[in-house]
Amino acid sequence: MKTLYKKSQLTFAIVWIVIYCVLQSLANPLNEMIGTPYSASAILCALQTVILFIFIWKNGLLKQYGLCKSSISASRFLYYVPLLLLATRNLWNGTAFHLNLSGTVCYIVCMLGVGFVEELIFRGFLFKAIAKDNIKMAIVISSVTFGLGHLVNLINGSGAGIAENLFQVTGAIAIGFLFVVLFHRGGSLLPCMITHSAINITSIFANETGLTVEKRMVFQLLLFAITIVYALILTKTLPNDQPASR
């Protein structure tokens, strides 16, 4: 893994994106075979999390990929209040329980891993590899590929319908843009990882009753508004880059 990283960081990023997507797709049928929802998903995500963290830690890449506290005060991020709003997005229509205790625990473990791995490979590996040559292109590619990656839910047996998946894709592109701005301007991936995990975890407690397409569209527009306005504020008020994160 270290040899591939030194040879080409971009190839390294792409390989890990492929590995992640393949394992995510394989996990769903394995979950059904085991009989506990998200059990295989949790194991695979936890395994990837451990492997990637050990790789980054052993090679002294913690600051390079934002596994550190930002050197900028929280007040300049508006105390991350917009991120808190985004983290509660799935609860805007109320709460409900969809899984038993074991399924809920596995789902939470899985989503913690997803938040770590996806932020690291899309905002960390992929963005940093491309940003060496073109920052703007890196921001666009990191955001769009992260959103399009959610199309895998249409074919991996997750049960997501076309309309629901399109909402996920468009929302993921917007949030991906915000997260890459947070990382690029703030030097830390931790707020992105925490918010990402929170958004995913709360989805299992979302109340779908009475959630019409029209209502989804309203929520989506609010999400876009919060995301884009916050991202624009950060681009105007924060330093252009963090030397410590290079």
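Contact, as used in these exercises, means heavy atoms within 4.5 Å. The structure is a predicted model.

**Exercise 1. Find which residues Leu 178 touches, leaving aside its neighbours within four places in sequence, and place Leu 178 in the nonpolar core.**

Step 1. With those neighbours left aside, Leu 178 is in contact with Leu 83, Leu 86, Thr 227, Tyr 230, Ala 231 and Leu 234.

Step 2. The largest nonpolar core has 55 residues. Leu 178 is among the members that touch the most other members, together with Leu 52, Leu 120, Ile 121, Phe 125, Leu 182 and Leu 234.

Step 3. Two or more residues of this core come from each of α2 (9–34), α3 (39–58), α4 (81–87), α5 (101–131), α6 (135–148), α7 (162–186), α8 (190–203) and α9 (213–237). The element that gives the most is α5, with 15 residues.

**Exercise 2. Check the span of α9 against the value expected at 1.5 Å a residue, then list the buried residues of α9.**

Step 1. The expected span is 1.5 Å times one less than the number of residues. Because α9 has 25 residues, it should span 36 Å.

Step 2. The end C-alpha atoms of α9 are 36 Å apart, which agrees with the expected value.

Step 3. The buried residues of α9 are Arg 216, Phe 219, Gln 220, Leu 223, Thr 227, Tyr 230, Ala 231 and Leu 234.

Step 4. Take Gln 220 in α9 as one case. Its relative accessible area is 7%, so Gln 220 counts as buried. Not counting residues up to four places away in sequence, Gln 220 touches Arg 89, Phe 167, Thr 170 and Gly 171.

**Exercise 3. Describe α2: its span, its kink, its buried residues and what follows it.**

Step 1. From first C-alpha to last, the 26 residues of α2 reach 36 Å, close to the 38 Å expected at 1.5 Å a residue.

Step 2. At Asn 28 there is a kink of about 30°, shortly before the proline Pro 29.

Step 3. Buried in α2 are Gln 9, Phe 12, Ala 13, Trp 16, Ile 17, Tyr 20, Gln 24, Ala 27, Asn 28 and Asn 31. The buried residues of α2 pack against α1 (2–7), α3 and α5. Asn 28 is thus both the site of the kink and one of the buried residues.

Step 4. Gly 35 follows α2, and its phi is positive, near 100°.

**Exercise 4. Is Pro 82 buried or exposed, and which residues does it touch?**

Step 1. Pro 82 lies in helix α4. Its relative accessible area is 12%, under the 20% limit, so Pro 82 is buried.

Step 2. Leaving aside neighbours within four places in sequence, Pro 82 is in contact with Ile 226 and Tyr 230. Tyr 230 also appears among the contacts of Leu 178.

Step 3. Pro 82 and Val 229 are 147 residues apart in sequence, and their C-alpha atoms are 9.5 Å apart in space.

**Exercise 5. How many salt bridges does a search of the whole structure find, and which residues form them?**

Step 1. The search finds two salt bridges.

Step 2. One joins Glu 119 and Arg 123, with the closest N and O atoms 2.7 Å apart. Both residues lie in helix α5, four residues apart, about one turn of the helix. Both are buried.

Step 3. Another joins Glu 208 and Arg 216, with the closest N and O atoms 2.8 Å apart. Glu 208 has a relative accessible area of 40%, so it is partly exposed. Arg 216, at 19%, counts as buried.

**Exercise 6. How many disulfides does the structure have, and where is the nearest cysteine sulfur to Cys 21 and to Cys 106?**

Step 1. A search of the whole structure finds zero disulfides. A disulfide would need two cysteine sulfur atoms within 2.5 Å.

Step 2. For Cys 21, the nearest cysteine sulfur is that of Cys 45, 11 Å away. Cys 21 has 23% relative accessibility, so it counts as partly exposed.

Step 3. For Cys 106, the nearest cysteine sulfur is that of Cys 110, 8.9 Å away. Cys 106 has a relative accessible area of 17%, so it is buried.

Note on methods
Residues are numbered from 1 along each chain as its sequence is written. This is a predicted model: local features need pLDDT of at least 70, side-chain atom pairs count only at pLDDT 80 or more; totals for chains, interfaces and linings use all residues. Side-chain values use heavy atoms; hydrogens and water are left out. A nonpolar core is a set of buried Ala, Val, Leu, Ile, Met, Phe, Trp, Tyr and Cys residues joined through side-chain atoms within 4.5 Å. Buried means under 20% relative accessible area, exposed over 50%, partly exposed in between (1.4 Å probe, protein chains only). The bend at a residue is the angle between axes fitted to the seven residues ending there and the seven starting there. A salt bridge is a side-chain nitrogen of Lys or Arg within 4 Å of a carboxyl oxygen of Asp or Glu.
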